[in-house]
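Hi,

Here is the structure I promised to pass along. Have a look at it first, and then read on for what turned up.

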Amino acid sequence: MDIPDNATGSTPIHCSKCGAFLGEWGELQDDFYRQARGAEAFDLCNGNIIKK
Ligand SMILES: [Zn+2]
């Protein structure tokens with residue numbers, strides 16, 4: 001994911017691999033931390049959590 005330093009809850013986030021729109025940062029944070037507690041070990045691609 002490409003997350004701007006100044007991202008807010010409504011900042012649109014795109015996949016760093018394919019450029020797909022993933023959702024707003026606020027929404028993604030909720031999903032992301034619910035599904036994967038080590039943000040560095042996982043990435044989001046096309047709506048799926050993938051292990052690096
Ligand atoms: Zn992707």
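Is Cys18 buried, partly exposed or exposed? Cys18 has a relative accessibility of 46%, so it counts as partly exposed, since that class lies between the 20% limit for buried and the 50% limit for exposed. Before you read too much into any of this, keep in mind that the model is predicted.

While we're on cysteines: Cys15 comes out at a relative accessible area of 3%, so this one is buried. If you were wondering about disulfides, a pair of cysteine sulfur atoms has to lie within 2.5 Å to be called one, and the count here is zero.

Now the overall layout. The chain has one helix and four strands, and along the sequence they come in the order β-β-α-β-β. Of its 52 residues, 25% count as buried. About 3,600 Å² of the chain is exposed, with carbon and sulfur atoms supplying 46% of that area. As for contacts between residues at least 6 apart in sequence, 19% of them join residues at least 24 apart.

The beginning of that pattern is a hairpin. Strand S1 covers residues 12–14 and strand S2 covers residues 21–24; the two run antiparallel and are joined by three bridges. Within the pairing, Ile13 sits opposite Gly23 of S2. Six residues lie between the strands of this hairpin, and Gly19 takes a positive phi there, near 80°.

Then there's the inside. The largest nonpolar core is made of eight residues, and both Ile13 and Cys15 belong to it. The other members are Met1, Leu22, Trp25, Leu28, Phe32 and Cys45. Helix H1 gives the most to this core, with three residues.

Phe32 is a good one to click on if you want to see that core from the helix side. This residue is part of H1, which spans residues 25–35. Its relative accessibility is 3%, which is under the 20% cut-off, so Phe32 counts as buried. You can also check its position against Asn48: the two are 16 residues apart along the chain, and their C-alpha atoms are separated by 9.8 Å.

So, if you open just one view, I'd put Cys15 and Cys18 in it: the former is buried, while the latter is partly exposed.

Cheers

Methods. Residues are numbered from 1 along each chain as its sequence is written. This is a predicted model: local features need pLDDT of at least 70, side-chain atom pairs count only at pLDDT 80 or more; totals for chains, interfaces and linings use all residues. Side-chain values use heavy atoms; hydrogens and water are left out. Buried means under 20% relative accessible area, exposed over 50%, partly exposed in between (1.4 Å probe, protein chains only). A nonpolar core is a set of buried Ala, Val, Leu, Ile, Met, Phe, Trp, Tyr and Cys residues joined through side-chain atoms within 4.5 Å. Two strands pair if DSSP finds at least two bridges between them. Contact means heavy atoms within 4.5 Å. Accessible areas come from the Shrake-Rupley method with a 1.4 Å probe; for residues, only the protein chains shown count as cover.
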